[in-house]
Amino acid sequence: RKAMESLAVSKKISILGFKDFGLHECEEMDIFQGEGYYKFESMPSTEMAVPFRSFDEYVKSLNRASRDGLKRKLKKIDRAAPLPMEIRERLSEDELDQVHALYTQTLLSHGEMSFEIMTKEFFRRISDNLPGATRFFLWRLDGRIVAFALCFISAEKMIDYYLGFDYALAYDLHLYFTRFRDLMKWCIENKIPAYEMGSTGYEAKRRLGFGFIRLFVYAKHL
């Protein structure tokens, strides 16, 4: 904490924040409140337990309205161009260029919602910084990447956090649900017991069976 405050002052940054901490982590982080930090609730993340033996079993676990809606979308996906999923632990330079362009396009699509902006170097280095814990999932059309997800993998959970779509094709090819279906199948096949899907898009995620994870931020004006 002291090192980060010193760095922030040297960079003339006025507000320092530590995020996002779950309720069980707050037991340790609450000490920050005695050091001038204000604790407030952040946007929640979303998570689903994955006890299913197959994707069909997962679909059957949904309520009728959600199940019927998902089935309609999956039928549209099956009628669209096939988009096989590829898995990489790290990307080539050409793949890195395509992935970062899709990531940037997705950030811009959020309109008034602003998020931290990760550089191309972040995507280049993340696999070395977290060896064995990262996977890039890629979907191509005619050799070109049209969707990607950067996920963090452990024995307990898959965190599906950074993503990008080609928005000229995203709705016609139902890329959001293609990504979800393929990643859910991957979790089931690899016996990953929980799938975390990050913030925003809450209504679609609720219908898919995700619940909310409360997260907190500790921030201080310097």
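Two strands pair if DSSP finds at least two bridges between them; helices (H or I, at least four residues) and strands (E, at least two) are DSSP runs, numbered from the N terminus. The model is predicted, so local features need pLDDT of at least 70 and side-chain atom pairs pLDDT 80 or more, while totals for chains, interfaces and linings use all residues. Residues are numbered from 1 along each chain as its sequence is written, and side-chain values use heavy atoms, without hydrogens and water.

**View A. Strands 7 and 8 pair in the parallel sense.** Two bridges join strand 7 (residues 158-165) to strand 8 (residues 194-196). Met158 stands opposite Tyr195 in strand 8.

**View B. Seven strands form an open sheet with mixed pairing.** The strand order is 4-5-6-7-8-3-9. Strand 4 (85-88) and strand 9 (211-213) are at the edges with a single partner strand each, so one side of each lacks a neighbour in the sheet.

**View C. Helix 5 lies across four strands.** Helix 5 (residues 93-109) is in contact (heavy atoms within 4.5 Å) with strand 4, strand 5 (134-141), strand 6 (144-153) and strand 7. Helix 5 runs at about 85° to strand 6; angles run from 0 to 180 degrees between N-to-C directions, with axes fitted to C-alpha atoms, for helices over the stretch in contact.

**View D. Helix 4 packs against helix 7.** The axes of helix 4 (residues 64-79) and helix 7 (residues 175-189) are 10 Å apart at an angle of about 100°, which makes the helices roughly perpendicular (65 to 115 degrees). Leu70, Lys73, Leu74, Ile77 and Asp78 in helix 4 meet Phe177, Thr178 and Arg181 in helix 7.

Technical notes
Angles under 35 degrees count as roughly parallel, over 145 as roughly antiparallel, 65 to 115 as roughly perpendicular and the rest as oblique.
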